[in-house]
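Work through the exercises below with the sequence and the model side by side. Try each task before reading its solution.

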Amino acid sequence: MENLIMLLGQAGDTYLHVYISIMRYLALIMAALILLRCARPLLTFRREPEIWAWLCPEGGKPLAITHWESVIGRSKRSDIVIDFPTVSRTHCVLTRYDDGSWTVADSGSSGGVRVNGKRVAVSPLDKQDVLEIGGINMQLQPISQKQNKRLAQLRSTRFRTARSIANLLLLTVFQCLCCIGYMMTTQKGQSVLLGFGGIVIMQWLLLLFNLTIRRTAFEVETLAFFLSTLGMMAIVAVKPGEAVKQLIAMAAGVLTFLLVGWSLRNLGRAKKFRYLAAVAGIGFLVATLVFGTEYYGAKNWIIIGSTSIQPSELSKLCFVYAGASAMERLVNKRNIFGFIIYSIIICGLLALMNDFGTALIFFCAFLIIAFLRSGSVGTIALACTSLGFAGVVALKIAPHALRRFSAWRHVWEYPLTSGYQQTRSLMCIASGGLFGLGAGQGWMKNMFAADSDVVFATISEEWGLLMAMLPVFCILAMAVFVMRAAAMGRSSFYTIGACTAAGIMMIQAILNVLGTVDILPLTGVTFPFLSNGGSSMIAAWGLLAFIKAADTRQNASFAVRIHKEVEDEDE
C-alpha cells in the first residue's frame, strides 16, 4: 500500500513537472498573441478628422472645423490659420458644446472680436451671426444632423463584436491555464481559484456592459485585465491569501473607471468635476499628514483596522482632473499660473510626507500638463532646473532617500544592507532566464515587496524575461495610442487628460522596472495594474478612463456618440 501511494505521488510530481514545463512556453505564446491582437488596432488605426462646422469668410474658401475647441489666429500652430496682418497670432477660441451650441471667446487679441458689429469677450454664435476677426467678416455654418450621420457612415467600419469576444476568450484560456498551474503548486487553491475566477467574471461583465451601450472596441480594457492577470500571478506566488483582497480592489477600480467615464461622457460635467477633484487631491494628502502612519521613512499610509490606504495614489487621479483644461482657459495665462501654484502645494505636501518617489511622478505629470497647456519649452527647462535644486535639498533633509541614492549603481557593494532587494532581484531574473522556472517555482516569494516594488523580478523568475517585458510593451502601446489619437481629439480637456494619464503610467513602469535592475534608484513606485496594492489598482483604472475617453474611433469611446440610425445600417 505504501509503495502504491509513493508511486501515485511520483506520478503526480511527474505530471506537475510536465505541465509546468509546457506552460512556460505556452503561456508566453498566448500572452504575446493577446498583446499583439490588442495593440495592433491601437497602433495602426487610421486617424480621421471629424468635421463639426465650416467657417465661411466673405469671398473666401470655407474652413473646416475639426475640433470642439479651435484656436483661430495667424500663427501656424493655430487650428484655423488666418494669415492676415490684422489678425493676432492667437486671436480667439471657437468652442462647441455637447448640445450643439457654439461660442467664441477673445483670447486677448489686439483687434478684438466682434459679433454682429459689437465687440465681445465671450459670446454665443449662431449661423446667422456675422463674426468679425481682424476686420474679416465670416459666418459659422454648423453641419446638419443629416450631414453628421453621413459623416459617421463615411468613417472607418465600426469594430466588430466578434473580435473583442475572441480577444477576451483567448485571455480567459490564458487565465484558466495559469490558475491550474498555481493551484497545483500552492496549498491555498481556493484563494487562487477565487482570484483568477473573479477576474474572468469581471472582464466579461464589463464587456457585456460595453456591448449594451454599443461600444464594441475593447482593446484597452483587455490589456488592463491582462496586466491585472499577471499581477494576480505574482500575488498567488508570493501571498496567495491576498488574492481576494486584490480582487476587491480591482472591482473598486473598475467601478472608478465607469464613474470617471461617466463624468467624461459630458464635457460640461467633466469641467465641473475638475474643481471637486482639485480640492480632493489636496484633501487626501492633508489627511495622510494628519492621520498617516510612517513606513520606511515615508508617511504615506492611513491604517483603518486591517485595511491600509495610500491616498497619494488617488491624488494622481485628482491631479489629472485638475490639470486638464478646456481651450478657452488655456489661452488665459492666469490659469497656468494657478495650476503651477496647485502643483507646488501637492509636491510640498508629498515632501513633508517624505514620499519623494510619488513627488517625482507628480512633477513629471506637471511637466506634461505644463507643456500641453503652454507649449513653452523654456517653461519646462526652468521647471527641470528647479527640480534639480529641490532634489539636492531633499537628499540633505531625507536620510532614507540619501541611502537609496548612495547604493544606486553600487548595490553589489551592499548586498546585505541597502542593496539587498536589488541584488536578489537581479539574481532571480538571471535564474529565470528567457522562459522562467515555472508557476510557483521561484525564490522571489521570500523577498519583501516581491509582489509590488520588485514585481518585475517575480514575473521574470517564474515566467521568464520575455514574459516580464510584455507588461512594459502594454503600457508603451497605450502611450503611443494616446499620442496618435491626440491630434484628432475633440477637446483639449480629453487630450491633456489622456496624455497625462498615459505619461503617469509610463513613468511608474519605468521607475519600477529600472529601479528593480539598478539602472535607476529603487523608489518603491508601483507598476500600474501589475503591483499588489488596492489604492494603486483603483488609481490605474481611473487613469485608464482618461485614455478611453480620448479614443475617437468608431464605437470606442465614452466621449463619442454614435447615431442609432448609423449603427442599425452597419448591422
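**Exercise 1. Trace the open sheet and its edges.**

Solution. Six strands, in the order E2-E1-E11-E10-E7-E8, form an open sheet with antiparallel pairing. Strands here are DSSP runs of E with at least two residues, helices are runs of H or I with at least four, and both are numbered from the N terminus. Two strands pair if DSSP finds at least two bridges between them. Next, find the edges: strand E2 (63-65) and strand E8 (118-120) each pair on one side only. Then take the twist: neighbouring strands of this sheet are turned by 35° against each other on average, direction ignored. The axes behind that angle are lines fitted to C-alpha atoms, for helices over the stretch in contact, and angles run from 0 to 180 degrees between N-to-C directions.

A word on the source. This is a predicted model, in which local features need pLDDT of at least 70 and side-chain atom pairs count only at pLDDT 80 or more, while totals for chains, interfaces and linings use all residues. Residues are numbered from 1 along each chain as its sequence is written, and side-chain values use heavy atoms, with hydrogens and water left out.

**Exercise 2. Find the partners of strand E11 and match residues across the bridges.**

Solution. Start with strand E1 (residues 53-57): 5 bridges join E1 to E11, and the two run antiparallel. Leucine 55 stands opposite leucine 140 in E11. Now take the other partner. Strand E10 (residues 131-133) pairs with strand E11 (residues 136-142) over 3 bridges, again in the antiparallel sense. Here leucine 131 faces methionine 138 of E11. Isoleucine 133 has isoleucine 136 as its bridge partner in E11. Finish at the turn: the hairpin of E10 and E11 has 2 residues between the strands, and glycine 134 takes a positive phi near 60° there.

**Exercise 3. Which residues in the loop between H17 and H18 have a positive phi without being glycine?**

Solution. First, the background: most residues other than glycine have a negative phi. Aspartate 518 departs from this, with phi near 70°. Aspartate 518 sits in the loop between helix H17 (492-516) and helix H18 (534-549). Phenylalanine 529 lies in that loop between H17 and H18 too, and its phi is positive at about 70°. Now check burial, where buried means under 20% relative accessible area, exposed over 50% and partly exposed in between (1.4 Å probe, protein chains only). Aspartate 518 counts as buried because its relative accessibility is 5%. Phenylalanine 529 is buried as well, with a relative accessible area of 1%.

**Exercise 4. Is alanine 217 buried or exposed, and is glutamine 187 buried or exposed?**

Solution. Alanine 217 lies in the loop between H4 and helix H5 (219-238). Its relative accessibility is 0%, so alanine 217 counts as buried. Alanine 217 and aspartate 551 are 334 residues apart along the chain, and their C-alpha atoms are separated by 9.8 Å. Turn to glutamine 187, in the loop between helix H3 (161-185) and helix H4 (189-212). Glutamine 187 counts as exposed because its relative accessibility is 83%. Between glutamine 187 and proline 240 the sequence separation is 53 residues, and the C-alpha to C-alpha distance is 9.0 Å.

**Exercise 5. List the contacts of glutamine 310 beyond its sequence neighbours.**

Solution. Locate the residue first: glutamine 310 is in the loop between strand E14 (307-309) and helix H8 (311-323). With a relative accessible area of 11%, glutamine 310 is buried. Contact means heavy atoms within 4.5 Å. Leaving aside neighbours within four places in sequence, glutamine 310 contacts Asn300, Trp301, Asp355 and Ser535.

**Exercise 6. Summarise the whole chain.**

Solution. Count the elements: the chain has 19 helices and 14 strands. Of its 571 residues, 53% are buried. Among contacts with a separation of 6 or more, 67% join residues 24 or more positions apart. The chain exposes about 25100 Å², and carbon and sulfur atoms supply 65% of that area. Accessible areas come from the Shrake-Rupley method with a 1.4 Å probe; for residues, only the protein chains shown count as cover.
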